[in-house]
Amino acid sequence: MRTTIMETALTEDALLGGRVRLIQPRRGFRAAVDAVLLAASVAAKTGDRVLDLGAGVGSVGLCLAVRVPGCSVVGIELQPSLAALAERNAALNGLSDRVRTIVHDLAAPLPAGTGLFDHVATNPPYLAAAVADPSPDPSKALATVESSADLARWLQVATEAVKPAGTLSVIHRADRLDEIAAHLERLGFNDVTIKRLPPAARILVRARRAEHANRREAPPLVLHRPEGGYTDAAEAILRHAASLAF
């Protein structure tokens, strides 16, 4: 009976036009478009190591591993139940050899031996605790509202984990762009490219270390047609596993 109850609390969904199968909770925070866009923004190649901070059920890492054969992904997730689903999803997609997830609170240093990464991707909680109205679902509240680690801490961990020539990719709310840019500048990531995602109030940020500040805007990725439905450019990324150009 326990197994039956547990399984009915889950759904199996598909990303990248069915290339990725994803088991996730029926209620609470559910992976969707943002995870696919973040994965598509990571400029990884075969042999690269990628760190996914806030892995959830593993959607970012799986989309990236499918798009870039030969790369490996380590996910960090606070909630043990979601991390267990991420491990299950890696097995479901035949990617356990390249995608793994560790239960860890980003308020603490990353586990010893984690090493440095060619790229770090992160989808931090979008809402600061001081202004949030948390969901009554505890798991969704943890995924969407900053708790033990705020935005500054997430970005600090990310910058400490990436190699000197590596990239940091972030998806977040557009109204927190200046805050993100200020944190990145303080951490030495002065080369910052912003890609807007209209009509969604979201931004993708790709950052590198640089001595001098260089903040620029890439052409936006328009997600929806005026008459409804995704644009061809968005469909190429969301359904056909295209990379997202900066």
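This passage describes an internal cavity, a loop tyrosine and a set of salt bridges in a predicted model.

The structure contains one cavity of 30 Å³ or more. The volume of the largest cavity is about 40 Å³. Its lining consists of L16, V36, A39, A40, C63, R67, I237, A241 and A242. By class, eight of these residues are nonpolar and one is charged. No polar residue takes part in the lining. Two helices, α2 (33-41) and α3 (59-67), each supply at least two lining residues. The largest share comes from α2, with three residues.

Y230 was examined next. This residue sits in the loop between β10 (214-217) and α8 (232-238). Y230 is partly exposed, and its relative accessible area is 26%. That value puts Y230 in the partly exposed class because buried means under 20% and exposed over 50%. Beyond its neighbours within four places in sequence, Y230 is in contact with V33, L223, H224, R225, E235 and L238. Among these contacts, E235 and L238 fall within the numbering of α8 (232-238) or at its end.Charged pairs form a further group. Side chains of opposite charge can pair when their charged atoms come close. The structure holds 12 salt bridges. One of them joins the side chains of R21 and E12, with an N to O distance of 2.7 Å. Both partners are partly exposed: R21 has a relative accessible area of 36%, and E12 has a relative accessibility of 46%.

Another salt bridge links the side chains of D178 and R215, at 3.0 Å from N to O. D178 belongs to helix α7 (residues 177-186) and R215 to strand β10, so this pair ties together parts that are 37 residues apart in sequence. D178 counts as exposed, at 55% relative accessibility. R215 is partly exposed, with a relative accessible area of 47%. The two classes part at the cut-off for exposed, which is over 50%.

Strand β10 also takes part in a salt bridge between R196 and E217. Here the closest N and O atoms are 2.8 Å apart. R196 lies in strand β8 (residues 191-196) and E217 in strand β10, so the pair ties together parts that are 21 residues apart in sequence. R196 is partly exposed, at a relative accessible area of 32%. E217 is partly exposed as well, with a relative accessible area of 46%.

Note on methods. Residues are numbered from 1 along each chain as its sequence is written. This is a predicted model: local features need pLDDT of at least 70, side-chain atom pairs count only at pLDDT 80 or more; totals for chains, interfaces and linings use all residues. Side-chain values use heavy atoms; hydrogens and water are left out. On a 1 Å grid over the protein atoms alone, a cavity is a set of points where a 1.4 Å probe fits but cannot get out, and a pocket is an open set with protein on both sides within 12 Å along at least five of seven lines; lining residues have an atom within 4 Å of a point. Grid points are joined across faces, edges and corners, and a volume is the space filled by probe spheres set on the points. Helices (H or I, at least four residues) and strands (E, at least two) are DSSP runs, numbered from the N terminus. Ala, Val, Leu, Ile, Met, Phe, Trp, Tyr, Cys and Pro count as nonpolar, Asp, Glu, Lys and Arg as charged, and the others, Gly among them, as polar. Buried means under 20% relative accessible area, exposed over 50%, partly exposed in between (1.4 Å probe, protein chains only). Contact means heavy atoms within 4.5 Å. A salt bridge is a side-chain nitrogen of Lys or Arg within 4 Å of a carboxyl oxygen of Asp or Glu.
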